[in-house]
Amino acid sequence: MHENLPTGRFFFNRIFLYDTHGNDMSDNALDTVRERITALDSELLTLLSERRKLTNEVAETKIKHHIPVRDQKREEQLLVRLIKEGQNIGLDPHYVTQIFHVIIEDSVLNQQAMLAERANPGSTLPLNRVAFLGDKGSYSYLATQKYFSRRPGELLEIGCQSFAEIIHKVESTEADYAVLPIENTTSGSINEVYDQLQHTQLSIIGELTHPIRHTLLVGTNTSIDKIKTLYAHPQVFTQCSHFLAELGNVEVKTMDSTSSAMLTVSELKRDDVAAIGSEAGGNLYGLMAIKSNLANQKENHSRFIVVARNPVVVPLQVPAKTTLVMSTIQKPGALVEALLVLRENSINMTKLESRPIPGNPWEEMFYIDVEGNVEDGPVQNALDALRGITRYIKVLGCYPSEEISPTKVAAASALAD
Ligand SMILES: C=C(O[C@@H]1C=C(C(=O)O)C=C[C@H]1O)C(=O)O
């Protein structure tokens, strides 16, 4: 009768809880086990922090001896061993692999940030003034927090109402950095940001991807069927169009940012209004999530760029990306010719975007992200060749790549079978 997971049932106003073996876990027994879990979780955190310190020590050696940050052979050996050890104590390989992918990603990103900081000694500030879209709780705010948590110096958040205002804050030296969303896995490129990049002298100095988990947020006790008005940023509505279609007769109100949508709902204090935003952001406004996973695609991520007035030097031990903007000569096959230059130099292109040039109908600016360091031979050769065949070309920035692809463990998965 009690062979499954712990179960609770009401019986004469008392809750009886049983563990998987049918033992009574009510009251004290439950508290005791939970105390042990709490203590173990704290120990796990201490161990993770110690591991991080050790990987930072590894980074010091890598700086001294010019060793690349990433060592996928070492990662594979480590994962194979851990999967095996985990299996011996009842942990399934998928679980172990997932956890260690996150741990290794954190360690690689921290080391990269350390190396980048050392390569740009004068650029470390005691206070990083960062402009971003919206206010506390917006997705850009969460991305800003994440990016600067790995970097030295305090963070001063400067919330803005538009992308133009964000760029202006950095150009006018009111802010040191801007964090801008550039593309999303569901809704694609954010054209407005590309258009801002066409006119600015600022440089891209970093990137990061952040999971965008849309939830339905409300300010009072209510249910989905009562909602009549929904507040969100236009990008959010695009990413959640399937959910909106299911909702049917609800009025949608577009807001400048996710945070202003959340603020509006928290101020209205009504049971027929809701905002779409992240659960973490909603918490900052005292909102509750009544439905999650609202995006059309389960894997909904945004890529953000970090821009500053001056470019940065990316050490050659760190995987780098370079973003170029160019316009080609008006002749058939001009773009193909430009892309062939990348192939000839064995350069991998990770993104190609085109945007109209204002005042020049049917002419396009091409934005190209490539894997490679602007200080390194292949990118320099490609740039020389491209300068000869394009009408205009500019490097928008070279920055550490934050796309840490997880190391695959073929041998270990075989072990697991
Ligand atoms: C810590 C190191 O740097 C990276 C991170 C690793 C880790 O977190 O275990 C392993 C290999 C490297 O990709 C290392 O080289 O040992």
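These are my notebook entries on the domains, two sheets, cavities and pockets of a predicted model.

**Entry 1. Domains**

I began with the domain assignment of the protein. It gives domain 1 (29-119 + 404-416), domain 2 (121-212 + 301-308), domain 3 (215-291) and domain 4 (320-400). I then looked up the separation of domain 1 and domain 4: their centres, taken over C-alpha atoms, are 37 Å apart.

**Entry 2. The sheet of 5 strands**

I read off the strand order of this open sheet as 10-9-11-8-12, and the pairing is mixed. I asked which strands stand at the edges. They are strand 10 (251-254) and strand 12 (288-291); each has a single partner strand, so one side of each is left without a neighbour in the sheet. For the twist I noted that neighbouring strands are turned by 35° against each other on average, direction ignored.

I followed one pair in detail. Strand 9 (residues 229-232) runs parallel to strand 10, and 4 bridges join them. Across this pair, Tyr 231 is opposite Lys 253 of strand 10. I next checked what helix 9 (residues 258-268) does here: it packs on the sheet and touches strand 8 (215-218), strand 9 and strand 11 (273-277). The direction of helix 9 makes about 155° with that of strand 11.

**Entry 3. The sheet of 4 strands**

The other sheet I looked up is also open. Its 4 strands come in the order 15-16-14-17, with antiparallel pairing. Strand 15 (349-357) and strand 17 (390-400) are the edge strands, each pairing on one side only. Neighbouring strands here are turned by 20° against each other on average, direction ignored.

I took the pair of strand 15 and strand 16 (residues 360-371) as my example; these are antiparallel, with 8 bridges. Lys 351 has Asp 369 in strand 16 as its bridge partner. I also recorded that helix 6 lies across strand 15, strand 16 and strand 17, at about 75° to strand 15.

**Entry 4. Cavities**

I searched the whole structure for enclosed space. How many cavities of 30 Å³ or more are there? The search finds 2.

The largest cavity has a volume of about 50 Å³. I listed its lining as Ile 182, Tyr 194, Leu 197, Ile 204, Arg 303, Ile 305, Thr 323, Asp 369 and Tyr 399. Asp 369, the bridge partner of Lys 351, is thus on this list too. Helix 6 (191-199) and strand 13 (301-308) each supply at least two of the lining residues. By class I have 6 nonpolar, 1 polar and 2 charged. Domain 2 and domain 4 each contribute at least three residues to this lining.

The second largest cavity holds about 30 Å³. Leu 324, Leu 342, Ile 347, Val 370, Val 379, Ala 382, Leu 383 and Leu 386 line it. I asked which element gives the largest share of this lining. Helix 12 (residues 377-389) does, with 4 residues. The class count for this cavity is 8 nonpolar, no polar and no charged.

**Entry 5. Pockets**

I turned to open space. The largest pocket has a volume of about 1,200 Å³. It is lined by 41 residues, and those nearest its centre are Val 102, Glu 105, Pro 211, Arg 213 and His 301. Helix 1 (28-65), helix 2 (72-88), helix 3 (93-119) and strand 7 (203-211) are the elements that give two or more residues to the lining. Helix 3 has the largest share, 9 residues. I counted the classes as 13 nonpolar, 15 polar and 13 charged. At least three lining residues come from each of domain 1 and domain 2.

For the second largest pocket I noted a volume of about 520 Å³. Its lining has 24 residues, of which Ser 123, Thr 124, Tyr 177, Ile 205 and Val 312 lie nearest the centre. Helix 3 and helix 4 (139-149) each supply at least two of them. Helix 3 gives the most, with 3 residues. By class this lining has 14 nonpolar, 6 polar and 4 charged residues. Domain 1 and domain 2 each provide at least three residues to it.

Terms used: Residues are numbered from 1 along each chain as its sequence is written. This is a predicted model: local features need pLDDT of at least 70, side-chain atom pairs count only at pLDDT 80 or more; totals for chains, interfaces and linings use all residues. Side-chain values use heavy atoms; hydrogens and water are left out. Two strands pair if DSSP finds at least two bridges between them. Axes are lines fitted to C-alpha atoms, for helices over the stretch in contact, and angles run from 0 to 180 degrees between N-to-C directions. Contact means heavy atoms within 4.5 Å. On a 1 Å grid over the protein atoms alone, a cavity is a set of points where a 1.4 Å probe fits but cannot get out, and a pocket is an open set with protein on both sides within 12 Å along at least five of seven lines; lining residues have an atom within 4 Å of a point. Grid points are joined across faces, edges and corners, and a volume is the space filled by probe spheres set on the points. Ala, Val, Leu, Ile, Met, Phe, Trp, Tyr, Cys and Pro count as nonpolar, Asp, Glu, Lys and Arg as charged, and the others, Gly among them, as polar. Domain bounds come from an automatic or database domain assignment.
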